[in-house]
Every structure is written in C-alpha cells, then in structure tokens.
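Open the model in your viewer and keep the selection panel at hand, since each stop on this tour begins with something to select.

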Amino acid sequence: MTITGRGQPAAPWNLIEHTVATDLRGGYHVTAADLNKDGRTDLLAVATGPKVDLVWFENPTWERRVMASGFPGMINADAFDVDGDGYPEVVLQSGFSTTPAKGDGRMILLAKGPDVNAPWTAREFDRMPSVHRVRWMDAHGDGRKVVVNAPLAGVNGAPPDYRDKVGIYAYDPKNDYQRETITDVDEGVLHGVQVADWDGKGRDALLSASFAGIHLHRLINGKWERARLTSGNADPWPKNGSSDVVVLRTKVGRQLAAIEPWHGNQVVVYRGKGMTWDQRTVIDDTLNDGHTLVQGDLDGDGVDEIVAGYRGGGGGVNIYKLDASDRWIKFAVVTPDQKSMAAAGCALAHLNNDKRLDLACIGTSTANLKWYENQPAR
C-alpha cells in the first residue's frame with residue numbers, strides 16, 4: 001500500500017535543489033565518484049546527444065572538466081580505482097542504438113594522465129552492437145573488481161518486440177580485459193542491473209532486470225551461476241518482466257524493488273527468501289516512462305528508501321519510505337508540472353561531506369544535472 005497526497009506525514013528530510021548544468025543534451029546517466037583524489041565526491045555526466053563531451057563536475061564548485069571527446073552515442077559509465085593510485089579508472093560505453101543491429105557499441109577504458117583536469121587517455125577493449133549498462137563488480141570478494149557489460153538486447157532483437165537472446169559479459173583487468181560470458185540466455189530487453197553483496201560475505205553478485213524477469217548472477221568456484229528470483233510483470237510480451245531492480249534493507253529483512261514493465265509505470269516491491277521472490281506489491285502505478293531506480297537510507301533510520309525517476313510528461317522523481325505500519329509513503333521530489341527534471345539517471349552519494357546521503361539526477365529532455373542536498377526536516 002502507498003500513501004500519497006492528503007493526510008500523508010511530512011517528509012523526514014529537506015531536499016535543497018542545486019543546478020550543476022543545463023546543457024547536457026540527452027542527459028542519461030550520472031556516476032558519483034572522487035575523480036581527483038581530493039576526498040570529495042564528484043559527478044560524471046553521460047549524455048547521448050550528438051557531439052556531446054563526456055564531462056565531470058568538481059565538487060564543491062562544480063567546475064566543468066572534459067574527460068573525453070569524440071565518442072558518439074555515449075550511454076553509461078562507471079568508476080573504480082584499478083591500480084590503487086587513488087584515482088579511479090572509468091569504463092565508458094558508446095555507440096549505443098535502440099536497434100542493436102545498427103549499433104557500434106564500444107567499451108572504453110579511460111585513465112587520467114599527468115593532469116587529472118585534462119582529457120583522460122582512452123583505450124577501446126571490446127566492441128559489440130548494443131552496449132547499455134556497465135558496472136564494476138567485486139565478483140571474487142577480494143577487493144579486485146571486474147567490469148560487467150550488460151547490452152540492451154541481442155543483435156537480432158529489434159523494436160518493438162526484441163525477440164532474441166541477450167548476454168551479460170565480464171572483463172577482468174588481470175586478464176587484460178578479455179571478454180568472458182556471464183550468461184547468454186537472457187531474453188528481450190535487458191534494461192537494469194545492480195551490484196550487491198547478496199550473500200553478505202563481502203563478494204558482489206549481479207542482479208539483472210529483463211523481459212525474462214529478475215535474475216541473480218554469482219561467480220561460484222570460478223563458474224558463473226544464474227538463478228531467477230521472479231518472473232516480474234505477468235503481462236504478455238513485450239510488457240512482461242522487469243526494467244530496473246535494487247535490493248532494499250528493511251527491519252523485516254531484505255526486499256527487492258523494481259520498475260515494471262520496461263520503461264514502465266509501476267514501482268513494485270517483492271518479498272521472499274532464498275531464490276523465491278513471488279510476493280509482489282505494486283506501490284505506485286503513476287510513473288511515465290520510468291527509467292531510474294536507486295535505494296539508500298536517506299533519513300538514517302537503518303531502512304532504505306526507494307528513489308524512482310521518470311522521463312515522460314515533463315518527468316519527475318519520487319522517494320518512497322517504508323513506515324512503521326508497513327506502508328510505503330510517496331514523496332515527490334520533482335513533479336511533472338515543474339518540468340525541471342526528466343530523470344533518466346540518479347545516484348545517491350555524500351556530496352557535502354555530512355552524514356546524510358544526497359541525491360543527484362540527470363535529465364533527458366530537460367538536458368540538465370542537479371543535486372538535491374539532504375538536510376534535516378524543517
């Protein structure tokens with residue numbers, strides 16, 4: 001059950017809006033990371049528009065820096081310090097197309113040169129038609145991460161049905177980023193992934209959301225194993241399955257949240273245990289082109305909130321909080337009538353060095369990047 005509108009409690013936070021950029025055509029993805037080793041979390045903005053640079057913004061002045069140029073169709077990026085020098089390496093995906101056969105997907109490794117503020121050096125290490133999501137993942141549980149590449153769909157998949165198998169791939173820096181298959185039997189559109197310590201043993205697992213549902217992928221004894229947690233939305237193809245997924249911490253145990261179906265209108269919460277997650281509750285069905293889902297404890301009570309962003313109808317961002325009566329309360333950060341944030345990607349991070357998680361979002365039609373400073377409720 002979700003409470004919204006009249007009679008709902010006041011939000012336990014006060015989010016103060018700050019504009020970082022207003023010219024990011026096709027704004028798509030934001031990564032939060034300390035890019036210049038100064039102890040502050042910066043923001044890396046990926047935009048899909050033509051002739052758009054890959055740029056990062058230095059915290060706290062938010063001065064713009066160009067990291068790379070000349071990569072059309074940029075779609076996703078993630079950062080991790082591979083060599084231990086305190087500066088992260090960034091993996092960028094470019095050449096994206098919603099029709100995989102027309103894509104020129106590239107996996108690019110970016111590393112800083114002598115001047116972190118100058119453009120970084122770039123090395124292409126793989127190419128496949130429809131790259132879409134990239135994450136660093138500690139699959140071995142030893143602090144040494146691998147790159148995960150999750151394409152949107154198979155090479156023979158085409159809109160609107162995308163009927164083809166789609167794979168997920170890993171690249172280990174120790175093996176010079178050679179491609180390894182995690183799975184090649186997913187189906188349809190594979191839209192969202194999340195890295196999480198599923199077993200609680202310091203080893204990352206990967207959750208994926210696709211037309212085939214939500215799956216868990218783990219590297220066990222040197223072999224990738226795949227298990228379906230839930231089939232997701234039960235409507236006929238291509239409205240089946242899930243679009244995005246996150247793992248939630250609550251006081252009654254782990255739960256899953258999802259946007260369904262692909263680019264869908266529903267925010268869904270799943271309960272279960274082991275490999276069975278079939279207790280499905282729709283907590284909101286009003287999203288318009290739902291596109292980003294993140295989770296984190298915004299008010300410090302030990303329970304994760306859900307943040308869902310959507311791009312359609314002017315766009316918006318909602319936060320959902322689980323109350324003591326097991327109800328999800330919806331708080332609108334940005335509403336469609338404001339038309340100020342058509343959120344394609346959001347990230348939670350400590351941006352002002354206090355103890356409260358802040359929110360950053362990037363907009364597609366709004367072409368902007370903003371962060372929302374999380375202050376105590378007034």
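Begin with strand E25 (residues 290-296), where six of the seven residues are buried, so the strand is largely enclosed by the rest of the structure; buried means under 20% relative accessible area with a 1.4 Å probe, protein chains only, and strands are DSSP runs of at least two residues, numbered from the N terminus. This is a predicted model, in which local features need pLDDT of at least 70 and side-chain atom pairs pLDDT 80 or more, whereas totals for chains, interfaces and linings use all residues. Residues are numbered from 1 along each chain as its sequence is written, and side-chain values use heavy atoms, without hydrogens or water.

Next add strand E26 (residues 305-310), which pairs with E25 in the antiparallel sense over six bridges, pairing requiring at least two DSSP bridges between the strands. Select Gln-295 and you will find its bridge partner in E26, Ile-306.

Keep Gln-295 selected and add Arg-135, Gln-194, Val-195 and Val-294: of the 45 residues that line the largest pocket, these five are the closest to its centre. E25 and E29 are among the strands that each supply at least two residues of this lining.

Finally, select Cys-346 and Cys-361, which form a disulfide with their sulfur atoms 2.2 Å apart, the cut-off being within 2.5 Å. Cys-346 lies in strand E29 (residues 343-349) and Cys-361 in strand E30 (residues 358-363), so the pair ties together parts that are 15 residues apart in sequence. The torsion about their S-S bond is about 105 degrees, so the disulfide is right-handed, and both Cys-346 and Cys-361 are buried.

Methods. Helix = DSSP H or I, 4+ residues; strand = E, 2+ residues; numbered from the N terminus. Buried < 20%, exposed > 50% of the residue type's maximum accessible area, 1.4 Å probe, protein only. 1 Å grid on protein atoms, 1.4 Å probe; cavity = no way out; pocket = protein on both sides within 12 Å on 5 of 7 lines; lining within 4 Å.
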